[in-house]
Amino acid sequence: MSSDRLLLEPLRVGHAEEMAVVLAAPELYTFTGGEPPTVDDLSRTYARQVRGRSADGGQWWLNWVVRRRDTGHAVGYVQATVDTARPAAELAWVVGTAHQGLGFAQEAAGLVVDALRAAGITRFTAHVHPDHAASAAVARRVGLLLTDTVEDGEQRWESPCRSPPVPHGARHQRSPSRRAAAAIWINTESCSA
């Protein structure tokens with residue numbers, strides 16, 4: 001998957017060394033906890049993730065390294081955990097501190113949402129720390145809405161139960177009418193997927 005600025009490259013164990021540098025800033029873990037991973041940590045994690053599915057087959061694990069097209073440098077990663085029993089995906093994104101504030105997380109997450117929608121996935125969720133304004137903005141811009149659900153100290157964001165089609169590129173625009181339309185469509189208590 002790609003855009004004018006980004007290339008999403010399927011995760012490989014060989015990405016561990018490069019990604020350890022991207023993920024090395026301790027401030028990346030302010031809201032998620034933990035500490036910067038070592039190359040060995042990432043190699044072990046990536047070896048599990050590249051299998052692409054859980055042992056029971058109930059989840060697909062889709063992981064991409066996010067690269068700038070102009071420089072070829074990795075800037076972060078994006079993930080989707082797809083529930084195979086229903087058309088739903090949990091999204092996650094991380095962009096290294098040197099590349100934040102440029103819209104890369106929103107763009108990468110948007111590419112994943114578009115691709116999964118085209119593949120028939122209709123429900124999306126993400127969990128964001130309540131003080132992480134940048135990630136909340138990404139969730140909002142890819143069409144997720146904040147719910148009242150808090151899990152492990154993170155707020156649950158989810159797609160509307162029924163949402164009108166969003167024209168390609170619309171997520172990159174700030175449109176009050178689009179937000180208003182999304183608010184009309186959401187009814188989380190009747191969502192079954």
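The legends below accompany an overview and several close-up views of one predicted model.

**Figure 1. Overview of the predicted model and of the confidence along its chain.** The protein contains five helices and seven strands, and from the N terminus on these elements follow one another in the order β-α-α-β-β-β-α-β-α-β-β-α. The average pLDDT of the protein is 86, with 83% of the residues scoring at least 70. Over residues 163–193, however, the pLDDT is below 50, and this stretch has 37 contacts in the model beyond near neighbours in sequence. Of the 193 residues in the protein, 38% are buried. Among contacts between residues at least 6 apart in sequence, 61% join residues that are at least 24 apart.

**Figure 2. Close-up of the largest pocket and its lining.** The largest pocket holds about 1200 Å³ of space, and of the 48 residues that line this pocket, Thr32, Tyr77, Trp93, Val94 and Val95 are the closest to its centre. Two or more lining residues are given by each of helix 2 (39–49), strand 2 (59–68), strand 3 (74–83), strand 4 (88–95), helix 3 (104–118), strand 5 (123–128) and helix 4 (133–141). Strand 4 supplies the largest share of the lining, with six residues. By residue class, the lining of the largest pocket divides into 26 nonpolar, 17 polar and five charged residues.

**Figure 3. Close-up of helix 2 and the elements against which its buried residues pack.** The buried residues of helix 2 are Leu42, Tyr46 and Gln49. These residues lie on the same side of helix 2, because the arc they cover around the axis is only 55 degrees. The elements against which the buried residues of helix 2 pack are helix 1 (16–22), strand 2 and strand 3.

**Figure 4. Close-up of helix 4 and the residue that follows it.** In helix 4 the buried residues are Ser135, Ala136, Ala137, Val138 and Ala139, and what covers them includes strand 4, helix 3, strand 5 and strand 7 (154–158). Just after helix 4 comes Gly143, which takes a positive phi of about 95 degrees.

**Figure 5. Close-up of Glu151 in strand 6 and of Asp152 in the loop between strand 6 and strand 7.** Glu151 lies in strand 6 and has a relative accessibility of 34%, so this residue counts as partly exposed. Leaving aside residues up to four places away in sequence, Glu151 touches His127 and Arg156. The C-alpha atoms of Glu151 and His129 are separated by 9.6 Å, the two residues being 22 residues apart along the chain. Asp152 is placed in the loop between strand 6 (145–151) and strand 7, and its phi is near 50 degrees, a positive value in a residue other than glycine. Asp152 counts as exposed because its relative accessibility is 82%, where the cut-off for exposed is over 50%.

**Figure 6. Close-up of Thr71 in the loop between strand 2 and strand 3.** Thr71 is found in the loop between these two strands and, with a relative accessibility of 41%, counts as partly exposed. Although Thr71 and Arg5 are 66 residues apart along the chain, their C-alpha atoms are separated by 9.7 Å.

Notes: Residues are numbered from 1 along each chain as its sequence is written. This is a predicted model: local features need pLDDT of at least 70, side-chain atom pairs count only at pLDDT 80 or more; totals for chains, interfaces and linings use all residues. Side-chain values use heavy atoms; hydrogens and water are left out. On a 1 Å grid over the protein atoms alone, a cavity is a set of points where a 1.4 Å probe fits but cannot get out, and a pocket is an open set with protein on both sides within 12 Å along at least five of seven lines; lining residues have an atom within 4 Å of a point. Grid points are joined across faces, edges and corners, and a volume is the space filled by probe spheres set on the points. Helices (H or I, at least four residues) and strands (E, at least two) are DSSP runs, numbered from the N terminus. Ala, Val, Leu, Ile, Met, Phe, Trp, Tyr, Cys and Pro count as nonpolar, Asp, Glu, Lys and Arg as charged, and the others, Gly among them, as polar. Buried means under 20% relative accessible area, exposed over 50%, partly exposed in between (1.4 Å probe, protein chains only). The arc is that of the directions from the helix axis to the C-beta atoms. Contact means heavy atoms within 4.5 Å. pLDDT is the predictor's confidence in each residue, from 0 to 100.
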